[in-house]
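Trainee: Hi! Could you walk me through this protein model? I'd like to start with how strands sit together.

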Amino acid sequence: MGQKDGTVHRERNRPVYRGSIVNIFAEFLPEFMHFSKLESANLILLFGLIMFLGALGGRLFQKLKIPQVVGYIVIGIVIGQSGFQILSSNVITALEPVSSIALTLIGFLIGGELKSSVIKKYGKQFVGILLFESIVPFFVVSIVVTGVSYLVTKDLGTSIAFGLLLGSIASATAPAATTDVLKENRTRGPLTVTVLGIVAMDDAVALILYAITSSIAASLLGGQGGNVGAQLLGVLYDVGGSIAIGSLVGFLLGKFVHNVMTDEGRILSFSLGALLLTTGICQFLDLDNILAAMSIGFFMVNFAPVKIRPTFSMVEKFTPPIYVLFFVLVGAKLNIWNVTAFVGVLALVYIVCRTVGKSVGARFGAWLTKAPPTVGKYLPFCLLSQAGVAIGLSIAAGQDFAATIGPTIMLIVTATTFVVQLIGPVCVKHGVQKAGECGLDINEEDLMKQTSVADVTWSGQSICSAESPAIVSETTTLNHIIDSFSRNGNLNYAVKDADGKLIGVITIEHLKECLLISELSESLVAFDVMEPVKVTCTGETPVPDIYRQFTEHDTEMIPIVAAGGKADGVAEKYAIDHYLHTKIIELHKKVEALG
């Protein structure tokens, strides 16, 4: 009756597990995670596992100065098909809707970046770079893969089919990992705008190329060959239908939210509902949900009332957990152990040729369209990732050519996706850093969160300083304070004793009252006119906390103290406001200087 270790024994309907933890997971999940019978507790456990481990991996890699998306994917590889197989293939398949939702949100946010002003400014640049960064890798991969395959197989027809299909797949670029890096590093500038436009649109080029090459490949492999015209009509249906559905939903959503909704929570609910509805319609009609979502974003940012533009920021705040789930599942799908020597050689050739093709095509397109120097120099680093469309086309090839080269193409694309999904985000970060666009896409609220009191400067000097003119001794005369007031920018004063400790404050309101009794001003000192200290801060106090204290204590000045309670300056609201406004203007000037 006994069974080998690592199996599940049943006695009185109670499972007893033996063997290693890996075997326990291997037995437990396939049995209990069939989604037709899945209990809600197991579903919650599964999502919790993915979310927690993914977030942990992302944070660890971020600490190592590596984009967090790489951490998500690595965690997926560890717990997925290439690792401990905690996530079985059935589970991964059942969670596929998460990937569709994530790609829809990504497409929507990309569409929101394609403002009409951006299109007018960069439209020619987009088209030129798009064509060359898609077509050049197609030809490079097709020619070199055909040659290498022929050297091994000695079959010219099969080798040409290999080259053509892999060449068409090579033209696609994955937007998900790329946009996550841009978002993480808060980038803004011509390179960022170009990358967002390119990765959103080159999927359409890949679909067209695949429609043409799959028909030619079918003829070369002994089939009757598909009708190229019919294939192109299919692509037209896919692209045109997706854009039409997205534009219609964007129009209806804009009208509905503008006329009915005022609460942010409800606006977010209806926006997400519209995006999910669009995803479902696209799946039902076999359309591209990324293009449809991008069309919604494009329509809303350009044609919807200004009142509903904050919808994008609300949706963006909703995306982080979805991104974690998506990228962990991307890693979990990859199985790197099925790669043979022939597949490995072709995969290596594919990666090298695709990288060379993307780089040469992007640089030539940027040069031809007179794009800013940073675009031509660093755009190649941002076009390496491949995932969604490339994998989808490889699956299509696996089905269309199941008896010949289809399974091999699927293996090659899976293996190369594993590599480029790991190195691609790192290269994107390198590119935007070198282009000087990191940290430029922030508003005043973001800047506040990154700033402490010690960072604030006034007239080129930190407001947190023991030598600040806003600090006076308790024996300083009122006339001297008034003279200082006329020569310096501060409006309030911190009063210190002989040991340098803070003992009081002099506000501008109190100073005005003292001026009314001018006959006594010569005999008054700071100790006579100071007020007791109600609240203090330190140089490490975050600026948002300072603003909260300004409101809570109905004041526009808070004295700064150092260790031992010594006076270390005065934090004045108008000075902090001025500092934040100046920094935002400087960031805008940097963006304009980049082109």
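Mentor: Happy to! Let's begin with a term: two strands pair if DSSP finds at least two bridges between them. Keep in mind that this is a predicted model.

Trainee: Okay, so what is the bridge partner of Ile 471 in E6?

Mentor: Ile 471 has Ala 494 of E6 as its bridge partner. Strand E6 covers residues 493–496, and E5 pairs with it in the parallel sense over three bridges.

Trainee: Which strands make up that open sheet, and in what order?

Mentor: The order is E5-E6-E7, and the pairing is mixed. Strand E5 (471–473) and strand E7 (502–506) each have a single partner strand, so they stand at the edges with one side left without a neighbour in the sheet. On average, neighbouring strands here are turned by 35 degrees against each other, direction ignored.

Trainee: Got it. What about E8, which strand does that one pair with?

Mentor: E8 pairs with strand E9 (residues 567–572), in the antiparallel sense and over four bridges. One of the matches is Ile 558 with its bridge partner Ala 571 in E9.

Trainee: What lies between those two strands?

Mentor: The hairpin of E8 and E9 has five residues between the strands. In that hairpin, Gly 564 takes a positive phi near 80 degrees.

Trainee: And is E8 enclosed, or is it out in the open?

Mentor: Strand E8 (residues 557–561) is largely enclosed by the rest of the structure, because five of its five residues are buried. Met 557, Pro 559 and Val 561 point one way from E8, while Ile 558 and Ile 560 point the other way.

Trainee: Nice. Switching topic: how many residues are in the largest nonpolar core?

Mentor: The largest nonpolar core has 114 residues. Leu 87, Phe 108, Leu 166, Phe 327 and Ile 409 are the ones with the most contacts inside that core. H9 gives the largest share, with 15 residues. There is also a second, separate core of 24 residues, which includes Val 543, Ile 546, Ile 560 and Leu 587.

Trainee: You mentioned H9. What's on the surface around Ile 216?

Mentor: Ile 216 belongs to a nonpolar patch on the surface, together with Ile 208, Ile 212 and Leu 220. Together the four have about 280 Å² of accessible area. Ile 216 is found in helix H9 (residues 190–220), and its relative accessible area is 37%, so Ile 216 counts as partly exposed.

Trainee: And helix H8, is that one mostly covered or mostly open?

Mentor: H8 (residues 175–184) is mostly covered, with eight of its 10 residues buried. Among them are Pro 175, Thr 178, Asp 180 and Leu 182. Just after H8 comes Arg 186, which takes a positive phi of about 50 degrees.

Trainee: Let's talk charges. How many salt bridges does a search of the whole structure find?

Mentor: The search finds five salt bridges. As background, side chains of opposite charge can pair when their charged atoms come close. In one salt bridge, Glu 133 joins Lys 358, with the closest N and O atoms 2.7 Å apart. That pair links distant parts of the chain: Glu 133 is in helix H6 (residues 116–153) and Lys 358 is in helix H14 (residues 341–368), 225 residues apart.

Trainee: Are Glu 133 and Lys 358 buried or exposed?

Mentor: Both Glu 133 and Lys 358 are buried.

Trainee: What about the salt bridge of Lys 449 and Glu 445, how far is N to O there?

Mentor: The N to O distance is 3.9 Å. Lys 449 and Glu 445 are four residues apart in helix H18 (residues 444–450), so about one helical turn separates them. Lys 449 counts as exposed because its relative accessibility is 57%.

Trainee: Which side chain does Asp 545 meet in a salt bridge?

Mentor: Asp 545 meets Arg 548, at 1.8 Å from N to O. They sit three residues apart in helix H22 (residues 543–552), which means about one helical turn lies between them. Asp 545 is partly exposed at 26% relative accessibility, and Arg 548 is partly exposed at 46%.

Trainee: Last one! Where is Gly 280?

Mentor: Gly 280 is in helix H11 (residues 264–285). With a relative accessible area of 35%, Gly 280 is partly exposed. Gly 280 and Ser 100 are 180 residues apart in sequence, and their C-alpha atoms are 9.2 Å apart in space.

Definitions and conventions. Residues numbered from 1 in each chain as written. Predicted model: local features only at pLDDT ≥ 70, side-chain atom pairs only at ≥ 80, totals over all residues. Heavy atoms only, no water. Patch = residues over 30% accessible without salt bridge, like charges linked within 9 Å, V, L, I, M, F, W, Y side chains within 5 Å. Areas by Shrake-Rupley, 256 points an atom, 1.4 Å probe, with all protein chains shown as cover. Buried < 20%, exposed > 50% of the residue type's maximum accessible area, 1.4 Å probe, protein only. Axes fitted to C-alpha atoms, helices over the stretch in contact; angles between N-to-C directions. Core = buried A, V, L, I, M, F, W, Y, C linked by side-chain atoms within 4.5 Å.
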